[in-house]
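Reader: Could you walk me through this fold, one question at a time?

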Amino acid sequence: MKKLALVLLILVLAGALYYAFTGDNNQVGSEEDQAVLQQNAPTGTYLTGLTDLEGNPVTMAEDKVVFLNIWATWCGPCNIEMPGIQALYNKYKDHEKVEFYIVSDEDAATVNPFIARKGYELPFYQFVGPYPAALDGNAIPRTYIIHNGQVLAQEVGAAQWDRPEVHQLIDQKLAEI
């Protein structure tokens with residue numbers, strides 16, 4: 001009986017990982033999906049009340065391409081996608097028209113040891129409060145690529161953020177601005 005339960009657990013986990021990386025909840029690649037997102041983009045796609053991990057207020061850049069990831073240290077799928085986010089950040093971190101916001105509601109005493117242990121060099125922030133309707137959800141990780149208040153792409157669940165379609169989306173938007 002224990003062997004059967006273990007086999008079922010492994011199958012469920014394998015299926016969840018497969019779906020997380022290949023499922024159809026991905027809205028980055030299709031031009032039609034991007035057009036619909038841009039037409040229906042609600043206002044209020046930026047966080048107010050955002051702080052860095054030292055407690056200093058931070059204003060999100062509205063005139064840049066914004067990569068916003070909402071995550072938590074205890075979240076398994078969040079941890080799975082973090083290396084891909086780091087790789088994407090490494091490519092665009094010096095670009096003057098791109099900003100990254102890796103946001104958690106956990107306090108700095110929880111997030112800082114996680115960052116140190118994992119060696120991430122991402123811009124981490126804290127946000128506590130209600131999210132704007134366009135960014136509200138009950139699942140993490142949630143990730144958005146935003147420009148001028150329009151959600152260009154969004155993903156709920158773990159994703160591989162350093163894949164070519166994401167680079168293409170960002171590069172295409174950067175060429176337009």
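Author: Happy to; here are some questions and answers on the sheet, the cores and the salt bridges. This is a predicted model in which local features need pLDDT of at least 70, side-chain atom pairs count only at pLDDT 80 or more, and totals for chains, interfaces and linings use all residues. Residues are numbered from 1 along each chain as its sequence is written, and side-chain values use heavy atoms, with hydrogens and water left out.

Reader: Which strands are at the edges of the open sheet?

Author: Strands here are DSSP E runs of at least two residues, and helices are H or I runs of at least four, numbered from the N terminus. Two strands pair if DSSP finds at least two bridges between them. The seven strands follow the order β2-β1-β5-β4-β3-β6-β7, with mixed pairing. Pairing on one side only, the edge strands are β2 (57–58) and β7 (150–156).

Reader: Which residue in β7 is the bridge partner of Y144?

Author: Strand β6 (residues 142–147) runs antiparallel to β7, and six bridges join them. Within β7, the partner of Y144 is Q154.

Reader: What angle does helix α5 make with β6?

Author: Axes are lines fitted to C-alpha atoms (for helices, over the stretch in contact), with angles from 0 to 180 degrees between N-to-C directions. Helix α5 (residues 164–176) lies across β3, β4, β6 and β7. Its direction relative to β6 is about 20°.

Reader: Which residues touch the most other members of the largest nonpolar core?

Author: A nonpolar core is a set of buried Ala, Val, Leu, Ile, Met, Phe, Trp, Tyr and Cys residues joined through side-chain atoms within 4.5 Å. Buried means under 20% relative accessible area, exposed over 50%, and partly exposed in between (1.4 Å probe, protein chains only). The largest core has 31 residues, and the members touching the most others are F124 and I145.

Reader: Which element gives the largest share of this core?

Author: Elements giving two or more residues include β3, β4 and α5. The largest share, six residues, comes from α3.

Reader: How far apart in sequence are the parts that K91 and D171 tie together?

Author: A salt bridge puts a side-chain nitrogen of Lys or Arg within 4 Å of a carboxyl oxygen of Asp or Glu. K91 and D171 form one at 3.7 Å, N to O. K91 lies in helix α3 and D171 in helix α5, so their pair ties together parts separated in sequence by 80 residues.

Reader: Is K173 buried or exposed?

Author: K173 forms a salt bridge with E176, their closest N and O atoms being 2.9 Å apart. E176 counts as exposed at 51% relative accessibility. At 12%, K173 counts as buried.

Notes: Contact = heavy atoms within 4.5 Å.
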